[in-house]
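Welcome to a short set of exercises with worked solutions. Keep the sequence and the 3D view open while you work through them.

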Amino acid sequence: MPMSLEVRNLTKTYGDVRAVDHLSFEMPAPGAFGLIGTNGAGKTTTIRMMLGLLAADEGEATWNGRRISRDTLAFGYMPEERGIYMKIPVAEQLVYFAMLRGMRKADARAAAAKWMDRLGVAEYAAKNADKLSKGNQQKVQLVAAVINDRLELEGKPLMANPRNAAAGSLRQL
């Protein structure tokens with residue numbers, strides 16, 4: 001089945017400021033797609049509207065012809081800010097995040113182990129996240145976003161450095 005993402009006329013206004021102005025684009029085939037712009041250009045607002053996490057004033061986003069929402073598509077969202085707890089062991093919080101998405105504890109443990117191994121952070125399973133480098137924290141954040149084996153969309157770049165370990169891991173997925 002071909003995959004397609006369509007965004008049509010997404011618009012969001014905050015008071016007198018139009019953050020996103022009738023944005024439209026499509027991605028008719030699988031691949032990588034990025035939103036590029038300066039701070040305040042509306043990139044994060046667009047992604048949040050696309051995922052149904054923020055109501056659009058106008059427009060819609062569809063995946064394979066169906067409006068995107070938590071009811072129609074399972075997805076992970078990885079914002080720029082670290083969505084992990086710094087003082088909790090990595091594996092423990094990954095299991096917790098997976099269980100929040102409806103996974104049974106045994107399945108969550110297995111998925112956490114699989115993804116930590118795949119992204120090269122298994123050795124940090126028992127460590128608190130604040131003991132990891134920023135790049136390894138991003139890998140853990142990526143595991144949290146994809147642990148339920150669903151679509152992953154990222155809200156901000158994984159650092160500008162193309163040699164960044166987390167960015168390389170994302171390319172491997």
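Helices (H or I, at least four residues) and strands (E, at least two) are DSSP runs, numbered from the N terminus. Residues are numbered from 1 along each chain as its sequence is written. This is a predicted model, in which local features need pLDDT of at least 70, side-chain atom pairs count only at pLDDT 80 or more, and totals for chains, interfaces and linings use all residues, while side-chain values use heavy atoms, with hydrogens and water left out.

**Exercise 1. Find how many helices and strands the protein chain holds, and the order in which they run.**

Step 1: Count the elements: the protein chain has 5 helices and 6 strands.
Step 2: Read from the N terminus, and the order is β-β-α-β-β-β-α-α-α-β-α.

**Exercise 2. Describe how strands β1 and β2 are arranged.**

Step 1: Locate the strands: β1 covers residues 5–14 and β2 covers residues 17–27.
Step 2: Look at the pairing (two strands pair if DSSP finds at least two bridges between them). Here β1 and β2 are antiparallel, with 7 bridges.
Step 3: Pick out one position: L5 lies opposite M27 in β2.
Step 4: Inspect the turn. The two strands form a hairpin with 2 residues between them, and G15 in the turn has a positive phi of about 60°.

**Exercise 3. Work out where Q93 sits, whether Q93 is buried or exposed, and what Q93 touches.**

Step 1: Place the residue: Q93 belongs to helix α2.
Step 2: Check accessibility, where buried means under 20% relative accessible area, exposed over 50%, and partly exposed in between (1.4 Å probe, protein chains only). Q93 has 1% relative accessibility, so Q93 counts as buried.
Step 3: List the contacts, meaning heavy atoms within 4.5 Å. Leaving aside neighbours within four places in sequence, Q93 is in contact with I84, Y85, I88 and A129.
Step 4: Look at the side chain of Q93, which reaches the backbone oxygen of I88 at 3.0 Å.

**Exercise 4. Do the same for K43.**

Step 1: K43 is found in helix α1, residues 43–50.
Step 2: With a relative accessible area of 15%, K43 is buried.
Step 3: Not counting residues up to four places away in sequence, K43 touches L35, I36, G37 and T38. The side chain of K43 reaches the backbone oxygen of T38 at 2.8 Å.
Step 4: Compare sequence with space: K43 and A19 are 24 residues apart in sequence, and their C-alpha atoms are 9.0 Å apart.

**Exercise 5. Find the aromatic pairs and say which residues they link into a cluster.**

Step 1: Learn the rule: rings of Phe, Tyr and Trp (its six-membered ring) pair if their centres lie within 6.5 Å; planes under 30 degrees apart count as stacked, over 60 as edge-to-face and the rest as tilted.
Step 2: Count: the structure holds 2 aromatic pairs.
Step 3: Classify Y85 and F97. Their ring centres are 5.9 Å apart and their planes are at 20°, so the pair is stacked. This pair links distant parts of the chain: Y85 is in the loop between β5 (75–78) and α2 (90–100), and F97 is in helix α2, 12 residues apart.
Step 4: Classify Y96 and F97, a tilted pair with 5.7 Å centre to centre and 50° between the planes.
Step 5: Join them up: ring pairs link Y85, Y96 and F97 into a cluster.
Step 6: Add accessibility. F97 is buried at 13%, Y85 is partly exposed at 41%, and Y96 is partly exposed at 41%.

Key. A polar contact is a pair of N or O atoms within 3.5 Å; within protein, one must be able to donate a hydrogen and the other to accept it, and residues adjacent in sequence count only if both atoms are side-chain atoms.
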